[in-house]
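Reader: Hi! I'm new to this one and would love a friendly walk-through. Could you put it up on screen?

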Amino acid sequence: MLTLTPAITVSYEVKSLFLLLSVLEFAVGVLVNAFIFSVNFRDIVRRQPLSSCDFILLSLSFTRLFLHGLLFLHAFQLVYFQQMQDPLSNSFQIILLLWMVVNQASLWITTCLSLLYCSRIVRFSHGPLLYLASWVSRKTSCVLLGMVLLICACTAYCSWDIFRYHLTVSTMLSMYNNTDHNLQIAKLSFFHSFLFCSLGSIVPFLCVLSSTGLLIVSLWRHMRTMSARTGDSHDPSLEAHVKALKSLISFLCLFVVALSAALLSVPLLVLWHNKTGVMVCVGIMAACPSGHAAILISGNAKLKRAVGSILLWVRSSLKVGAGPKAGPRTPELC
């Protein structure tokens, strides 16, 4: 059996460094996702039409704001309140359950975004696939509503599974006197419940993976079709393929890393009492959503224009602020 050296106590320097990194990750994550949310929400306030892609980005950024808040709360709880003698505290389990719910919501919304990419970029030749792509493109709100219902169902089942775990542990502790053995069984049971609830990520992950595969095949066919053409430097279809693939492939890689860190953090805390390892896992989990949000901004024309407008405003403000200092050295023109 794998054994790790328990890290019951963590030095003050490590805690301070971890808390500083958590604050930075929280600030960056909130900044990029609040930017995506505010740009799209501004159009709703102005009663301007919101495209399906913008509506999905609005929903995704909203859920990730909660995700970053929960991860920062988890980091704060880990530094100041988490006791290694009682790893399965109620606060830890509540934060972990809420993280699973919000992370599942973020995954399903990203799945909806990947389906929208496929429906608008990939050229389907079969009738059923063509009808399905057209339906997804027109009924984005219905797809999101269906995913919300799935998330609610998964949340209810995971909540019941964790409640059943609490009931089992309470029964065991009241019937048997071997407390250490019962606590070990309780820890394994909790890890089993967390792992089982994480299996709900398989279906949306496979959907995103399938969408990425379809886009890769579509890009290969498009490049083969365009190989005979010369002199056409601007290809909108090629750019759309590349931007969509950049978004989906980066999400797949970051999601696998974040989920692996989440799965590893539970036995590190509950079974092996390695607090430093848990801090590393929480830091990785917080960095991944911010990275994907930055990639989404770089691949969206509307968000890039908003970034350009902000940078232009900052430059003009700096020039205005520097104007009185530069005045005496520059002769006036009348």
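Reader: Thanks! Which helix has the lowest mean pLDDT, and which the highest?

Author: This is a predicted model, and among its elements helix α6 (residues 179-198) has the lowest mean pLDDT, 71. The highest belongs to helix α1 (residues 12-45), with a mean of 95.

Reader: And what is the mean pLDDT of the protein?

Author: The mean is 83, and 84% of the residues reach 70 or more.

Reader: Where does pLDDT stay under 50?

Author: One such stretch is residues 1-7, for which the model has 11 contacts beyond four places in sequence. Residues 326-334 are also below 50, and that stretch has 0 contacts beyond near neighbours in sequence. Where pLDDT is low, the predicted coordinates should not be read in detail.

Reader: Good to know. Back to α1: what should its 34 residues span?

Author: At 1.5 Å a residue, α1 should span 50 Å. The C-alpha atoms at its ends are 47 Å apart, which agrees.

Reader: Which residues of α1 are buried?

Author: There are Phe-18, Leu-19, Ser-22 and Gly-29, then Val-32, Asn-33, Phe-35 and Ile-36, and finally Val-39, Asn-40 and Asp-43. As background, an α-helix has 3.6 residues a turn, so residues three or four places apart point the same way.

Reader: What comes just after α1?

Author: Arg-47 is found there, and it takes a positive phi of about 60 degrees.

Reader: You listed Asp-43 as buried. Which side chain does Asp-43 meet in a salt bridge?

Author: Its partner is Lys-302, at 2.2 Å from N to O. Lys-302 sits in helix α10 (residues 301-326) and Asp-43 in helix α1, so the pair ties together parts that are 259 residues apart in sequence.

Reader: Nice! How many salt bridges does the structure hold?

Author: It holds 2. In the other one, the side chains of Asp-54 and Lys-302 meet at 3.4 Å, N to O. Asp-54 lies in helix α2 (residues 52-80) and Lys-302 in helix α10, so this pair ties together parts that are 248 residues apart in sequence. Asp-43, Asp-54 and Lys-302 are thus linked in a network of salt bridges.

Reader: Is Lys-302 buried or exposed?

Author: Lys-302 is buried, with a relative accessible area of 16%. Asp-43 is buried at 6%, and Asp-54 counts as buried at 10%.

Reader: Switching topic: which residues make the nonpolar surface patch?

Author: The patch of about 790 Å² is made by Tyr-157, Trp-160, Phe-163, Phe-196, Leu-199, Ile-202, Leu-206 and Leu-209. Helices α5 (140-175) and α7 (202-226) each supply at least two of its residues.

Reader: Where is Leu-209, and why does it count as partly exposed?

Author: Leu-209 is in helix α7. It counts as partly exposed because its relative accessibility is 42%, and the partly exposed class runs between 20% and 50%.

Reader: One last residue: where is Thr-110?

Author: Thr-110 is in helix α3 (residues 90-121). With a relative accessible area of 1%, Thr-110 is buried.

Reader: What does Thr-110 touch?

Author: Leaving aside residues up to four places away in sequence, Thr-110 touches Leu-60, Arg-64, Val-208, Phe-251 and His-292.

Definitions and conventions:
Residues are numbered from 1 along each chain as its sequence is written. This is a predicted model: local features need pLDDT of at least 70, side-chain atom pairs count only at pLDDT 80 or more; totals for chains, interfaces and linings use all residues. Side-chain values use heavy atoms; hydrogens and water are left out. pLDDT is the predictor's confidence in each residue, from 0 to 100. Helices (H or I, at least four residues) and strands (E, at least two) are DSSP runs, numbered from the N terminus. Contact means heavy atoms within 4.5 Å. The expected span of a helix is 1.5 Å times one less than its number of residues. Buried means under 20% relative accessible area, exposed over 50%, partly exposed in between (1.4 Å probe, protein chains only). Patches are made of residues with over 30% relative accessible area and no salt bridge: like charges are joined within 9 Å, nonpolar side chains (Val, Leu, Ile, Met, Phe, Trp, Tyr) within 5 Å. Accessible areas come from the Shrake-Rupley method with a 1.4 Å probe; for residues, only the protein chains shown count as cover. A salt bridge is a side-chain nitrogen of Lys or Arg within 4 Å of a carboxyl oxygen of Asp or Glu.
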